[in-house]
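This briefing is meant to be read alongside the sequence and the coordinates. Please keep both in view while going through the points.

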Amino acid sequence: MRAFTSFVSLLRSYTSPQVVIIGCISYANGLALLLTNSTLWVRLKSYDFDYVSIGLFGLLNIPYTCKFLWAPLLDQLSLPFLKKHLGQRKSWLCLTQLIAFTSVLGLALLHPREAPKTFALCGLLLAVSAASQHILLLAYQMETLKYREWGIGEGMSVFAYRMGMLTSGAGALYLATYVQWETVYLNLACLM
């Protein structure tokens with residue numbers, strides 16, 4: 001009976017509102033990673049892009065590596081109107097999520113052959129917003145969760161991030177066997 005009570009208590013802590021919010025943000029963040037990475041490369045290959053061009057799209061991953069450069073700005077700069085209503089972290093999270101959604105929508109609606117520069121710009125905006133979201137998510141976790149909940153928050157974050165990657169990786173590739181890439185990206189934008 002004691003083990004069951006402990007299990008229920010653990011389950012309850014994973015369903016607390018703050019932990020669920022962290023999971024949702026992490027899921028969206030995981031979606032974004034492969035949409036500018038291997039899933040995008042498969043999409044470009046299906047449009048007969050050569051490997052050099054696809055390799056150039058690999059530069060979209062640079063924001064994930066350099067996110068430490070603008071992390072202090074996200075701490076110091078505030079969005080006046082949104083901060084007043086949501087606070088520092090949530091205002092930036094909302095803005096980056098909106099940019100990520102709009103970028104995925106752009107990737108869905110644009111054809112990479114017809115508008116390659118705009119398509120690449122959408123990919124870059126998605127990568128920068130997702131990298132920024134990751135920075136903000138970690139800070140949000142530390143601010144909203146109690147010290148003893150940090151492990152649960154991080155566990156939820158990693159699980160949801162991986163589920164997002166699975167969705168935008170294997171899920172997107174599976175869906176692409178039945179529908180056009182534009183439809184795949186539109187569905188992923190809705191999940192975003």
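What follows concerns helix packing and a handful of individual residues.

The model is a predicted one. Helix H2 is described first through its pairings with H9 and with H11, after which come the pairing of H9 with H10, the buried face of H3 and the residue Asp48 in the loop that follows.

**H2 against H9**

- The axes of H2 and H9 come within 9 Å of each other and cross at roughly 160°, which makes H2 roughly antiparallel to H9, since angles over 145 degrees are counted in that class.
- On the H2 side the contact is made by Gln18, Ile21, Ile22, Ile25, Ser26, Ala28, Asn29, Ala32 and Leu35, while H9 contributes Leu126, Ala130, Gln133, His134, Leu137, Tyr140, Gln141 and Thr144.
- The handedness of this crossing, in which H2 passes H9, is left-handed.

**H2 against H11**

- H2 and H11 pack at an angle of about 155°, with 10 Å between their axes, and that angle makes H2 roughly antiparallel to H11.
- The crossing of H2 and H11 is left-handed, and in it Tyr27, Leu31 and Leu35 of H2 meet Tyr185, Leu188 and Leu191 of H11.
- Leu188, which lies in helix H11, is buried, because its relative accessible area of 4% falls under the 20% cut-off.
- Setting aside residues up to four places away in sequence, Leu188 touches Leu31, Leu35, Val104, Thr167, Ser168 and Ala172.
- One of these partners, Val104, is 84 residues from Leu188 along the chain, yet the C-alpha atoms of the two are separated by 7.5 Å.

**H9 against H10**

- The axes of H9 and H10 come within 10 Å and cross at roughly 150°, and the two helices are therefore roughly antiparallel to each other.
- H9 passes H10 in a right-handed crossing, with the contact made by Leu137, Leu138, Gln141 and Met142 of H9 and by Trp150, Gly153, Glu154 and Ser157 of H10.
- Gln141, found in helix H9, counts as buried at 3% relative accessibility.
- Leaving out residues up to four places away in sequence, Gln141 touches Ile22, Trp150, Gly153, Glu154 and Ser157; Gln141 is thus listed in the contact of H9 with H2 and also in the contact of H9 with H10.

**Ser129 within H9**

- Ser129 lies in helix H9 and, at 2% relative accessibility, counts as buried.
- A polar atom of the Ser129 side chain lies 3.0 Å from the backbone oxygen of Leu126.
- Apart from residues up to four places away in sequence, Ser129 touches Thr96, Ile99 and Ala100.

**H3 and the loops on either side**

- In helix H3, which spans residues 38-46, the residues Thr39, Leu40, Arg43 and Leu44 are buried.
- Seen down the axis of H3, these buried residues fall within an arc of 135°, so they line one face of the helix.
- The cover over the buried residues of H3 includes helices H2 (17-35), H4 (51-57), H8 (88-109), H9 (116-144), H10 (150-176) and H11 (181-191).
- Asn37, in the loop between H2 and H3, counts as buried at 16% relative accessibility, a value that lies under the 20% cut-off.
- Between Asn37 and Lys117, which are 80 residues apart in sequence, the distance in space is 17 Å from C-alpha to C-alpha.
- Asp48, found in the loop between H3 and H4, has a phi near 65°, which is a positive value in a residue other than glycine.
- With a relative accessible area of 62%, Asp48 is exposed, whereas Asn37 in the loop between H2 and H3 counts as buried.

How values were computed:
Residues are numbered from 1 along each chain as its sequence is written. This is a predicted model: local features need pLDDT of at least 70, side-chain atom pairs count only at pLDDT 80 or more; totals for chains, interfaces and linings use all residues. Side-chain values use heavy atoms; hydrogens and water are left out. Buried means under 20% relative accessible area, exposed over 50%, partly exposed in between (1.4 Å probe, protein chains only). Helices (H or I, at least four residues) and strands (E, at least two) are DSSP runs, numbered from the N terminus. The arc is that of the directions from the helix axis to the C-beta atoms. Contact means heavy atoms within 4.5 Å. A polar contact is a pair of N or O atoms within 3.5 Å; within protein, one must be able to donate a hydrogen and the other to accept it, and residues adjacent in sequence count only if both atoms are side-chain atoms. Axes are lines fitted to C-alpha atoms, for helices over the stretch in contact, and angles run from 0 to 180 degrees between N-to-C directions. Angles under 35 degrees count as roughly parallel, over 145 as roughly antiparallel, 65 to 115 as roughly perpendicular and the rest as oblique. A crossing is left-handed if the near helix is turned anticlockwise from the far one by less than a right angle, and right-handed if clockwise.
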